[in-house]
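Subject: Handing over a structure, with notes on what was found

Dear colleague,

Here is the structure that I would like to pass on to you, and below it I have set out the findings in an order that should be easy to follow on the screen. Please keep the picture open while you read.

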Amino acid sequence: MSGKRGRPRNVEAQKSILSASYELLLDHGFQAVTVDKIADRAQVSKATIYKWWPNKAAVVMDGFLHAATARLPVPDTGTTFDDILLHATNLAMFLISREGTVITELLGEGQFDAGLAEAYRARFFRPRRLEARGLLEKGIQRGELKNDIDVGVCIDLIYGPIFYRLLVTGDPLDESYVKQLVTSAFEGIRSA
């Protein structure tokens, strides 16, 4: 019986910690967030946070992902082109939103914090790549795409320019650009 009583509190405490870390991240940026501030806002002890997360980077990434996951669903429209277009557009629109700008900050901070870099690679970017891989592999299976394409290179070809514009050139990142990008990529990978 005591295990059942503890679980709801654990779930509520975890949700409170994730919300607090995300709010602090949006309000003050990654560098200003501390485990002390998260604990204070969530009204839990630091020991409670460290019971579930090994460090600040892990809890901040989980808070970010908890909030972001609903914004980036995996599409299933029935065609690979439409799936990839929707997936890439959703990602681009998320990245330029207030919530998404956190990613650019985390990428910058990750240049100096190896733990944070591994956290965002493992928990944000690899899952997005796996989603894109699944969509492209489904397209190969359906005969919509050439069966000899290198799926990893295709992912880089489609999604890399989004990050290039976001992080390097600063050129506009909008739905029409993403559509042009995906359309151009599909000219080379679509089956005859």
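I begin with one residue, Lys 138, which has a relative accessible area of 28% and is therefore called partly exposed, since that label covers values between the 20% limit for buried and the 50% limit for exposed. Please bear in mind, here and throughout, that this is a predicted model.

The side chain of Lys 138 meets that of Asp 76 in a salt bridge, with a distance of 3.6 Å from N to O. This pair links distant parts of the chain, because Lys 138 sits in helix α7 (residues 114–141) while Asp 76 sits in the loop between α4 (56–68) and α5 (80–95), 62 residues apart. Asp 76 has a relative accessible area of 59%, so Asp 76 counts as exposed.

Helix α7 holds another salt bridge, in which Glu 137 pairs with Arg 133 and the closest N and O atoms are 3.3 Å apart. Both of these residues lie in helix α7, where they are four residues apart, about one turn of the helix. Glu 137 is partly exposed because its relative accessibility is 34%, and Arg 133, at 30%, is likewise given the label partly exposed.

A further residue of helix α7 is Glu 131, and here you might ask yourself whether Glu 131 is buried or exposed. With a relative accessibility of 16%, Glu 131 counts as buried, because the label applies to values under 20%. Leaving aside residues up to four places away in sequence, Glu 131 touches Leu 72, Val 74 and His 87. In the case of His 87, the two residues are 44 residues apart in sequence, and their C-alpha atoms are 8.7 Å apart in space.

Let me now step back to the chain as a whole. Its secondary structure comes to nine helices and zero strands, so that, by the way such elements are assigned, reading along the sequence gives the pattern α-α-α-α-α-α-α-α-α. Along the principal axes, the C-alpha atoms fill a box of roughly 60 × 45 × 25 Å. Of the 192 residues in the chain, 42% are buried, and the chain exposes about 10300 Å², of which carbon and sulfur atoms supply 52%. If you consider the contacts between residues at least 6 apart in sequence, 66% of them join residues at least 24 apart. There are 24 positive and 24 negative charges, and the mean positions of the two groups are 8 Å apart.

The salt bridges in the chain come to 11, and one of them is formed by the side chains of Arg 41 and Glu 23, at 3.2 Å from N to O. Here, too, distant parts of the chain are linked, with Arg 41 in helix α2 and Glu 23 in helix α1, 18 residues apart. Arg 41 counts as partly exposed because its relative accessibility is 36%, and Glu 23 is also partly exposed, with a relative accessible area of 37%. These residues belong to a network of salt bridges that links Glu 23, Asp 27 and Arg 41.

Helix α1 (residues 2–28) also contains Ala 13, which counts as buried because its relative accessibility is 15%. Apart from residues up to four places away in sequence, Ala 13 touches Val 44 and Trp 52. Between Ala 13 and Asp 62, which are 49 residues apart along the chain, the C-alpha atoms are separated by 14 Å.

One backbone angle deserves a look as well, since Gln 43 has a phi near 60 degrees, a positive value in a residue other than glycine. Gln 43 lies in the loop between α2 (35–42) and α3 (46–52), and its relative accessible area of 72% is why Gln 43 is called exposed.

Finally, which residues make a nonpolar patch on the surface? The patch is made by Tyr 164, Leu 167 and Val 168, and its area is about 310 Å². Leu 167 is placed in helix α8 (residues 151–169), and it counts as partly exposed because its relative accessibility is 43%.

With best wishes

Methods: Residues are numbered from 1 along each chain as its sequence is written. This is a predicted model: local features need pLDDT of at least 70, side-chain atom pairs count only at pLDDT 80 or more; totals for chains, interfaces and linings use all residues. Side-chain values use heavy atoms; hydrogens and water are left out. Patches are made of residues with over 30% relative accessible area and no salt bridge: like charges are joined within 9 Å, nonpolar side chains (Val, Leu, Ile, Met, Phe, Trp, Tyr) within 5 Å. Accessible areas come from the Shrake-Rupley method with a 1.4 Å probe; for residues, only the protein chains shown count as cover. A salt bridge is a side-chain nitrogen of Lys or Arg within 4 Å of a carboxyl oxygen of Asp or Glu. Helices (H or I, at least four residues) and strands (E, at least two) are DSSP runs, numbered from the N terminus. Buried means under 20% relative accessible area, exposed over 50%, partly exposed in between (1.4 Å probe, protein chains only). Contact means heavy atoms within 4.5 Å. Lys and Arg count as positive and Asp and Glu as negative; His and the chain ends are not counted. The place of a charge is taken as NZ of Lys, CZ of Arg, CG of Asp or CD of Glu.
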